[in-house]
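User: Hey, I've got a protein model open and I'd like to get a feel for its inside. Can we go through it together?
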Amino acid sequence: MAFSGRTDTAGGGTDRRSALSRYALLPLRVFLGVTFVYAGLDKLTDSAFLASSGPGSLGELMRAVRDSAALPGLVDLALKNPVGFGYAIGIGELAVGIGTLLGLFARVAAVGGALISLSLWLTVSWATTPYYYGNDLAYLMAWLPLVLAGAPIFSADAALRGRRGRRAFRGRRGRRGGLPA
């Protein structure tokens, strides 16, 4: 199937729209992947963020949002060990970003990104008014198409699917008395 050419389908119509729709999530995947890799590296290389107290620290941020969060218990959990929680967020964002960019376990990475965004929305940006000024809710919504569709093209998942499909085809062909697999 050509990206921009006309391809006939069994029904005799063109399949250009279908070809183009396969690429529709690619810009979103690249944006979210790059953003989460950047966010993870930014957190992991910022000694102020990874401190339990002081200006710019995760501990200070959590104390500031504690009373306005939708889930103050989650904030309390982060406050038990802000440095460890900061590393967990940074490593999680980095893993989600890399998985999304490579398309490796893409749906799992997207679920991870959605959960990170959901937790940040329910804690850090919950009190933002009007709600659409907070970016965490928008990120949560952006992850949902990738949760549903995965990474169908330009991905490790697609390459692995293709490899398994070829292996299965060779196995079926060999069992039917055709050429050996």
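User: Let's start with one ring. Is Tyr139 buried or exposed?
Analyst: Tyr139 is buried, as its relative accessible area is 18% and the cut-off for buried is under 20%. Keep in mind that this is a predicted model.

User: Which ring does Tyr139 pair with, and how do the two sit?
Analyst: Tyr139 makes an edge-to-face pair with Phe36. Their centres are 6.2 Å apart, and there are 70° between the planes.

User: And where are those two along the chain?
Analyst: Phe36 is in helix α2 and Tyr139 is in helix α7, so the pair ties together parts that lie 103 residues apart in sequence.

User: What about Phe36, buried or exposed?
Analyst: Phe36 is buried too, with a relative accessible area of 6%. Phe36 has another partner as well: its ring and that of Trp143 have centres 5.1 Å apart and planes at 90°, so this pair is edge-to-face. Trp143 lies in helix α7, so here the parts tied together are 107 residues apart in sequence. Trp143 is buried, just like Phe36.

User: Which residues make up the aromatic cluster there?
Analyst: Phe31, Phe36, Tyr139 and Trp143 form one cluster. For the whole model, the count is 7 aromatic pairs.

User: OK, new topic. How many cavities are there?
Analyst: There are 2 cavities of 30 Å³ or more. The largest has about 40 Å³ of space, and the second largest has a volume of about 30 Å³.

User: What lines the largest cavity?
Analyst: Its lining includes Arg22, Tyr23, Leu25, Leu26 and Arg29, and also Gly150, Ala151, Pro152 and Ile153. By class that gives 6 nonpolar, 1 polar and 2 charged residues.

User: And which residues line the second largest cavity?
Analyst: Arg29, Thr100, Ala106, Ala110, Trp143, Leu146 and Gly150 do. Helices α6 and α7 each supply at least two residues of that lining. It splits into 4 nonpolar, 2 polar and 1 charged.

User: Thr100 caught my eye. Where is it, and which residues does it touch?
Analyst: Thr100 lies in helix α5. Leaving out residues up to four places away in sequence, Thr100 touches Arg29, Gly33, Ala109, Trp143 and Leu146. It's buried, with a relative accessible area of 3%. Thr100 and Phe31 are 69 residues apart in sequence, yet their C-alpha atoms are 9.5 Å apart in space.

User: What about open spaces? What volume does the largest pocket have?
Analyst: The largest pocket has a volume of about 510 Å³. It's lined by 27 residues, and the closest to its centre are Lys43, Ile89, Glu93, Ile116 and Leu120.

User: Which helices supply that lining?
Analyst: α2, α3, α4, α5, α6 and α7 each supply at least two residues of it. The lining divides into 16 nonpolar, 6 polar and 5 charged residues.

User: Last thing. What's the average pLDDT, and where does it stay under 50?
Analyst: The chain averages a pLDDT of 88, and 83% of the residues score at least 70. Over residues 1-9, pLDDT stays under 50, and the model has 16 contacts beyond four places in sequence for that stretch. Where pLDDT is low, the predicted coordinates shouldn't be read in detail.

Technical notes:
Residues are numbered from 1 along each chain as its sequence is written. This is a predicted model: local features need pLDDT of at least 70, side-chain atom pairs count only at pLDDT 80 or more; totals for chains, interfaces and linings use all residues. Side-chain values use heavy atoms; hydrogens and water are left out. On a 1 Å grid over the protein atoms alone, a cavity is a set of points where a 1.4 Å probe fits but cannot get out, and a pocket is an open set with protein on both sides within 12 Å along at least five of seven lines; lining residues have an atom within 4 Å of a point. Grid points are joined across faces, edges and corners, and a volume is the space filled by probe spheres set on the points. Ala, Val, Leu, Ile, Met, Phe, Trp, Tyr, Cys and Pro count as nonpolar, Asp, Glu, Lys and Arg as charged, and the others, Gly among them, as polar. Helices (H or I, at least four residues) and strands (E, at least two) are DSSP runs, numbered from the N terminus. pLDDT is the predictor's confidence in each residue, from 0 to 100. Contact means heavy atoms within 4.5 Å. Buried means under 20% relative accessible area, exposed over 50%, partly exposed in between (1.4 Å probe, protein chains only). Rings of Phe, Tyr and Trp (its six-membered ring) pair if their centres lie within 6.5 Å; planes under 30 degrees apart count as stacked, over 60 as edge-to-face and the rest as tilted.
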